[in-house]
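Colleague: I would like to learn how to read the main features of this model. Where should we start?

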Amino acid sequence: MPELPEVEVVRRGLAGHVVGRTITTVRVHHPRAVRRHPGGAADLIGRLRGARITGTGRRGKYLWLLLDDGESGALVVHLGMSGQMLLGGVPRAEHVRISALLDDGTALSFVDQRTFGGWQVAELVEVGGVEVPQPVAHLGADPLDPAFDRDAVVKVLRGKHSEIKRQLLDQTVVSGIGNIYADEALWRARVNGARLADGLSRPKLAAVLDAAAAVMTDALSQGGTSFDSLYVNVNGESGYFDRWLNAYGREGQGCRRCGAIIRREKFMNRSSYYCPSCQPRPRRAPRARSGTRHTGGGVPG
DNA sequence: CCCCTCTCCTGATCGC
DNA sequence: TGCGATCAGGAGAGGG
């Protein structure tokens with residue numbers, strides 16, 4: 001599943017090949033791939049044809065190509081769960097959702113088996129002194145962004161009466177973290193994801209965010225994960241980081257820190273992996289609503 | 001506003 | 001061999 005490191009690998013791969021090129025042809029093969037583009041396929045094609053690619057960008061799990069077609073805009077790409085941006089040959093034609101041709105003959109294909117991803121063209125807006133495409137304006141900065149303000153995010157988390165893992169997955173708080181890196185960051189920081197964010201100390205929250213940045217930096221140096229063969233770079237190659245995962249996907253195996261058996265639990269209709277010894281569950285199950293008696297105090301408005 | 005659940009989608013895999 | 005159930009999960013709509 002492409003999370004921040006995987007998306008960044010794709011962005012870098014694209015940057016080396018498409019910047020400076022002009023888009024000559026675009027074909028949309030599946031309407032779901034452009035469902036987030038307000039004008040639909042015809043409008044998207046019209047705005048891309050003849051546009052010159054002047055740069056690339058990324059925030060969280062979104063990447064974009066800056067466009068110059070007389071005005072400034074961006075082609076915003078989300079890979080969803082299974083999206084791929086491939087340069088050159090296309091191995092599985094049945095999953096090609098969009099294809100484009102550049103003025104130097106390069107073929108650019110958007111391949112996406114599960115069709116959760118897609119392309120859209122959007123205007124740039126200014127958020128916090130940075131210009132980003134409008135569809136990513138609601139995202140928090142990601143941990144690898146120079147503009148990422150860790151202590152500010154800690155303050156936000158201190159005010160969240162919600163499980164810490166849920167908050168890590170909320171892209172408006174901090175972007176780029178998905179299920180795999182959330183579990184890895186929590187394992188590194190020795191925090192159980194079911195603990196409430198507002199019940200964790202400032203240093204603990206800072207440690208979780210630092211762990212998220214560290215694990216993503218490590219993954220990036222390995223070319224991203226290849227836990228799932230659907231994730232590949234622009235040349236169709238997988239990364240190797242899955243060999244370094246400490247929690248995710250390791251149910252029944254020994255914790256690499258203490259030897260306890262890694263557990264898997266259902267959470268938010270997904271799986272969470274954690275070490276029951278390093279990351280003990282909170283005493284009062286926060287999700288057990290039946291019969292819980294909060295003081296229910298009135299929150300001052 | 002805040003929090004949480006549901007739904008979209010396809011293909012691999014599992015149990016009977 | 002077939003077939004339904006389950007699982008994978010990012011993100012946004014909508015409910016409470």
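Modeller: Start with the domains, whose bounds come from an automatic or database domain assignment. This is a predicted model. Chain A is split into domain 1 (4–136) and domain 2 (150–274).

Colleague: How far apart do the C-alpha centres of domain 1 and domain 2 lie?

Modeller: The two C-alpha centres are 27 Å apart.

Colleague: How do I read the largest nonpolar core, and which residues have the most contacts inside it?

Modeller: A nonpolar core is a set of buried residues joined through C-beta atoms within 7 Å. Here the largest one has 75 residues, and those with the most contacts inside it are Leu48, Leu75, Ala185, Val208 and Ala212. Helix H6 (residues 202–221) gives the most to this core, with 9 residues.

Colleague: Why does this core lie between domain 1 and domain 2?

Modeller: Because both domain 1 (4–136) and domain 2 (150–274) give residues to this core. As for Ala212, leaving out residues up to four places away in sequence, it touches Pro143, Leu168, Ile177, Tyr181 and Ala185.

Colleague: Which residues surround DNA strand B?

Modeller: Nearness is judged by a C-beta atom within 6 Å. DNA strand B is surrounded by residues including Arg32, Arg114, Lys160 and Arg166, along with Phe116 and Met268. By class, the surface near DNA strand B has 2 nonpolar, 5 polar and 4 charged residues.

Colleague: And how many residues surround DNA strand C?

Modeller: There are 15, the closest being Met1, Lys61, Gly178, Asn179 and Ser271. Helix H5 (179–189) and strand E12 (270–274) are the elements that give two or more residues to this surface. Its residues divide into 5 nonpolar, 6 polar and 4 charged.

Definitions and conventions: Residues numbered from 1 in each chain as written. Chains lettered and ligands numbered in written order. Predicted model: local features only at pLDDT ≥ 70, side-chain atom pairs only at ≥ 80, totals over all residues. Helix = DSSP H or I, 4+ residues; strand = E, 2+ residues; numbered from the N terminus. Nonpolar A, V, L, I, M, F, W, Y, C, P; charged D, E, K, R; others polar. Buried ≥ 20, exposed ≤ 12 C-beta atoms within 10 Å, placed from the backbone. Contact = placed C-beta atoms within 7 Å.
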